[in-house]
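Please look over the sequence and the model below, and then read the notes on cysteines and on the surface that follow.

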Amino acid sequence: MKPSISIFILAVARPTTLLFIFTCLPTHLVVTASQSSKLSLQREKEALVQSRWWYDYANNKSVSPCRWPGISCNHAGSVTQICLHHYIGSYLSYLSLSSFPNLVRLDLFRARLDGSVPTEIGNLSKLTHLNLSSNSLEGQLPLSLGNLSQLVVLDLSSNSFYGFIPLSLGNLSQLVMLDLSDNSFNGSIPLSLGNLSQLVVFNLSDNSLNGSIPQELGNLKNLVALDLSRNYFMGPIPSTLGLLTELTHLSIFGNSIKTEFPLPLTSLTQLVELNASCCQISGPVPPEIGNLKNLRRLDLSDNRLYGPLPPSLSHLVILSELYLDSNQINGSIAPKIIMNWRLLTSLSLSHNQFSGSIPKEIGNLEKLTYLDLRANKLSGPLPPSLSHLVILSELYLDSNQINGSIAPEIIMNWRLLTSLSLSHNQFSGSIPKEIGNLEKLTYLDLRDNKLCGPIPDVLLNIYLFIYFGGNKDLCSNVYTYRHVFPRCSQPQAINKGKKILLSISILVVSFSIIGVILVYKRVKKHKRVQQYARETKNGDLFSIWNYDGKIAYEDIINATEDFDIKYCKPQEIYTLKIINDVINLN
């Protein structure tokens, strides 16, 4: 997400001026007013007591109201300042403002006030500072505000005021700051506000104002900050705005300008911040924008800009934030343009039509913390120089045509990375386990690539928003994800040498088992033969027939050495011959 930047106000005007404008001065620094009668002082005290804003002090008669919190007085004891920056939770009308003729400053910022601004406020003829901001006040502004001719600061921001901006505010010729932002004012900008020639800060943002931006604003030659953002202004930017040569902060975003980039703005060479996003501005980025050499923040996002980046952008050498996302800008990201942006911290070129590869020179922007190039037509591998972005916090490269592997040597230096999106590309190879070393990472999106192999276990065991879908060849052995990813066929830690050793070990064990079985069978068979021989020899020694009348032929053969003649007597030879014939017949 693009870092949000609120508009300036406190950061723009001269420091000494701001100190005077916003500080509630102590009593001894306040100029002594003319002597007031006791009756007038009594009316002031009664008004303070009746408001019930100082309930804890009202019954203490020994303590002067000048010592109550938030109250300052002049040497005559008359109230000159009421500054309460804490919870009051009451109505502004409960304080009788007409009872304070010497009031110079009324500052009730964030006091939880309700109701409307009473008409009697116009009676405070010495008032120079009026701050009612950040309350719950509502209704229309009283026309009597135009009577406060000494007013220097008028801040009514962050309330619920509605209706037209009073024309009478154009009478406040001493006004240095006018802030009516964050309300519900409608209608057009009164032309009379062009009379406020001393104005330095002018903020009308976050209202429902419409119509065109009046040319009379070009009369405000001392203007340093102008914020017209988030309204319904239409039509071209008046050329007279080019006369505001002191302007350092200009914001017009969130309106319906619907024209080409206003060239008068390119003459505002003191500009530090220019925000013209969401204005339906069309056409190319003008080369003249390179004249704004003091720019630190440029936001032209969410418009209808097209064409390539002008080379003159390289002149913005102190630029720290550049947002050109959500346009139709095309061409390559030219190295000659970005190589001079050494102070850049945020770069967003997403949702355009940039093509070609990511230039290696982007690695020279070592102050980058936010880089968004998503939704373009970028291709090629990640440049190794990206490893130089050591303080990068967010990186979005999704929805391009980037290919190659996710190199460990690139990502291992991104120790501060919190968000990494590489989805919808053509990355291949495995997911490097070094991603698990990025301790601050809370968002990781690798969807819809061509990644394969095991998902590092560490990524599945840490708490973050993590997405791997659309990579059909990924696998995991983590039990918790058995229904999400297929199980890997081989353990992740086994290398090629270990696989060979394991195979040999299995073969040796197998042959050993088979050998043991064969030896066991042979021994068992030998024991059966011996047992058989013993049983035969332990039979009837005086009989030549055994086993169902058959002659133990083998025993006889062995005993007589195959009927050797030396074992026979002459009278037995014939008998043995008969026995032999009988055996052969059987």
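## Two disulfides

A disulfide is counted here when a pair of cysteine sulfur atoms lies within 2.5 Å. In this predicted model, the structure holds two disulfides, and one of them joins C475 to C488 with an S to S distance of 2.1 Å. This pair links distant parts of the chain, for C475 sits in strand β32 (residues 473-475) while C488 sits in the loop between β32 and α6 (496-537), 13 residues apart. The link of C475 and C488 is right-handed, with 100° about the S-S bond, and both cysteines, C475 and C488, are buried.

A disulfide also joins C66 to C73, with an S to S distance of 2.1 Å. The torsion about the S-S bond of C66 and C73 is about -105°, and therefore this disulfide is left-handed. C66 is partly exposed, at a relative accessible area of 22%, whereas C73, at 2% relative accessibility, counts as buried.

## Cysteines without a bond

Why is the sulfur of C279 not in a bond with the sulfur of C278? The sulfur in C278 is the closest cysteine sulfur to that of C279, but it is 7.2 Å away, which is too far for a bond; C279 itself counts as buried, at 0% relative accessibility.

For C452, the closest cysteine sulfur is in C475, and the distance of 8.8 Å is again too far for a bond. C452 counts as partly exposed, because its relative accessibility is 31%.

## A nonpolar surface patch

V390, I391 and L416 make a nonpolar surface patch of about 210 Å². Among them, L416 lies in the loop between α4 (408-411) and β27 (419-421), and L416 counts as partly exposed, at 36% relative accessibility.

Definitions and conventions
Residues numbered from 1 in each chain as written. Predicted model: local features only at pLDDT ≥ 70, side-chain atom pairs only at ≥ 80, totals over all residues. Heavy atoms only, no water. Patch = residues over 30% accessible without salt bridge, like charges linked within 9 Å, V, L, I, M, F, W, Y side chains within 5 Å. Areas by Shrake-Rupley, 256 points an atom, 1.4 Å probe, with all protein chains shown as cover. Salt bridge = Lys/Arg side-chain N within 4 Å of Asp/Glu carboxyl O. Helix = DSSP H or I, 4+ residues; strand = E, 2+ residues; numbered from the N terminus. Buried < 20%, exposed > 50% of the residue type's maximum accessible area, 1.4 Å probe, protein only.
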